[in-house]
Amino acid sequence: MVGGEGLWGAVGQVPVSNSSLPHTQSALAGAPSTLVLPAVQGAAAAGVLGLLKEKLGLSPLHVEPGTLRELRLNASLPALLLVRLPYTAGSSLMAPKEVLMSNDEIIGQVLSALKEEDVPYTALLTAGAPSRVLRDVSGVAPGGVGRQLLQKPTPAPAQHPPVRYPLTGEPRILFWAQNFSVVQGSKWVDLTSQTFGAVASVDVSGSSWSSNDSRLVLKYANVLGSPLTVTFHMTSRRFPVSGRDWFQLSRLELATPSARPSVFNASQVTAPSDYSWHCAYLSSLPGFGAGLQPHGPSPSWGVLLQDVQLQGFNVTGLQFSYASDCAGFFAPGTWMGLLTALLLGAIFACGLHMLLGLKTMDRFDDSKGATIAVPQGE
């Protein structure tokens, strides 16, 4: 959400109906001006955030609907607020209408909080990628347009559903990743298809759950010639200072029968227990942030999780709760601005201290009287 003139902009194909998106429809109807684009290219949708950062000169502040009311916005200062909605594409665990209604509730909470602050704003609703692939007819001759339109469109890649435990009944643990790969030495193995989707072969029967300790155990029959077990060990504890429970991924373990387990600490993977945790990358490799730190000797295995989301407590229904993103509060540009401001403030304080230390003369020479004699110290 961007400070502006009260314009509601919807980018991409956004279905609006009385039954599924009442808050969105109400916002569109009550806005001074609206703009709805039925479709945009994937590159354009992905570049919206970068364009706003460039034009406004601001770093986005990732906020959650539950904490938005705690912010104190200043109408005279622009702000770029980023609110992520839970994933909806390709999920077969809930009906599309229920998923849309859940996201519409979040949109309503955000707009209500902004109205209470009484600040002008521009709201921009867009997806990270298009929901369907558009056909390119730019190189088609004028006489061949009809044939091109009759061709079958290329289907968009389906999103696989998350791993759940237990497999039947009310789920206790949910895990999802766009890509899940492991590496041993220089040999990479993609476990995505074995972990997620209709043809998944992973065994989660060894998992366990309690109110303060949960373990998601993924067992693979053959990875580089031997069985592999990947264990996500999560804990939940209450912090009196914040007045709420927080969950943490204590460690991630990769084990084979013939070698010592590779154990990684994941202290940065933490979120309120009633939220899920999401990050673009979670990996033990330095090139991807190295959020997983080795525990003990040099591990024989490495792991890479791309666009990962995890929830080990307070799972309601068959979808993730609102995600706490791993993006840091301070961007590099913010730190540079703070350091520059501190340096300039120190120079200003030093100069002000010197000015306050100056003393004016209280005795002056009189041309008609005796000359003032200033005694010299020994």
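1. Strands, as named here, are DSSP runs of E at least two residues long, numbered from the N terminus. On that basis, serine 210 is found in the loop between β9 (208-209) and β10. The model under discussion is a predicted one. Serine 210 counts as partly exposed, because its relative accessibility of 26% falls between the limits of 20% and 50%. Its C-alpha atom is separated by 8.6 Å from that of phenylalanine 313, although the two residues are 103 residues apart along the chain.

2. Overall composition. The chain has 378 residues, and buried residues make up 33% of them. Eight helices and 18 strands are assigned. Of the contacts with a separation of 6 or more, 61% are accounted for by residues 24 or more positions apart. The accessible surface of the chain comes to about 22800 Å², and carbon and sulfur atoms hold 58% of that area.

3. The largest nonpolar core. In soluble globular proteins, nonpolar side chains tend to be buried together. Here the largest nonpolar core has 38 residues. Phe175, Phe180, Val182, Leu218 and Phe232 are the members with the most contacts inside this core. At least two core residues come from each of β6 (163-165), β7 (173-184), β10 (213-223), β11, β12, β15 and β17 (301-311). Valine 182 illustrates the packing: with residues up to four places away in sequence not counted, valine 182 touches Lys187, Trp188, Val189, Leu191, Val223, Leu228, Leu254, Trp301, Gly302 and Val303.

4. A second core. Separate from the core just described is another of 15 residues, which includes Val63, Val83, Ile106 and Tyr322. One of these members, Ile106, is also touched by leucine 85, together with Asn103, Ile107 and Leu125, when residues up to four places away in sequence are not counted. Leucine 85 itself lies in the loop between β4 (81-82) and α5 (96-117). With a relative accessible area of 30%, leucine 85 is partly exposed, and therefore it cannot be a member of a nonpolar core, which is a set of buried residues. The C-alpha atom of leucine 85 is separated by 9.9 Å from that of serine 321, a residue 236 residues apart from leucine 85 along the chain.

5. Serine 236. This residue has its place in strand β11 (residues 226-239). Serine 236 counts as buried, because its relative accessibility of 12% is under the 20% limit. The side chain of serine 236 makes a polar contact with the side chain of serine 273, at 2.9 Å. Leaving aside neighbours within four places in sequence, serine 236 is in contact with Ser211, Asn212, Asp245, Trp246, Phe247, Ser273 and Phe313. Phe313 is also the residue whose C-alpha atom was compared with that of serine 210 in the first point.

6. Salt bridges. Side chains of opposite charge can pair when their charged atoms come close. A search of the whole structure finds three salt bridges. Arginine 244 and aspartate 274 meet through their side chains at 3.4 Å, N to O. This pair links distant parts of the chain, 30 residues apart: arginine 244 is in strand β12 (residues 244-255), and aspartate 274 is in the loop between β14 (270-272) and β15 (276-283). Arginine 244 is partly exposed at 26% relative accessibility, as is aspartate 274 at 38%.

7. The other two salt bridges. The side chains of arginine 238 and aspartate 245 form a salt bridge at 3.5 Å, N to O. Aspartate 245, a contact of serine 236, is partly exposed, with a relative accessible area of 33%. Aspartate 213 and arginine 215 are paired through their side chains at 3.9 Å, N to O. Aspartate 213 has a relative accessible area of 23% and is partly exposed; arginine 215, at 34% relative accessibility, is likewise partly exposed.

8. Nonpolar surface. Which residues form a nonpolar patch on the surface? Leu343, Leu344 and Ile347 do so, with about 320 Å² of accessible area together. Leucine 344 lies in helix α8 (residues 332-356). Leucine 344 counts as exposed, because its relative accessibility of 54% is over the 50% limit.

Note on methods
Residues are numbered from 1 along each chain as its sequence is written. This is a predicted model: local features need pLDDT of at least 70, side-chain atom pairs count only at pLDDT 80 or more; totals for chains, interfaces and linings use all residues. Side-chain values use heavy atoms; hydrogens and water are left out. Helices (H or I, at least four residues) and strands (E, at least two) are DSSP runs, numbered from the N terminus. Buried means under 20% relative accessible area, exposed over 50%, partly exposed in between (1.4 Å probe, protein chains only). A polar contact is a pair of N or O atoms within 3.5 Å; within protein, one must be able to donate a hydrogen and the other to accept it, and residues adjacent in sequence count only if both atoms are side-chain atoms. Contact means heavy atoms within 4.5 Å. A salt bridge is a side-chain nitrogen of Lys or Arg within 4 Å of a carboxyl oxygen of Asp or Glu. A nonpolar core is a set of buried Ala, Val, Leu, Ile, Met, Phe, Trp, Tyr and Cys residues joined through side-chain atoms within 4.5 Å. Patches are made of residues with over 30% relative accessible area and no salt bridge: like charges are joined within 9 Å, nonpolar side chains (Val, Leu, Ile, Met, Phe, Trp, Tyr) within 5 Å. Accessible areas come from the Shrake-Rupley method with a 1.4 Å probe; for residues, only the protein chains shown count as cover.
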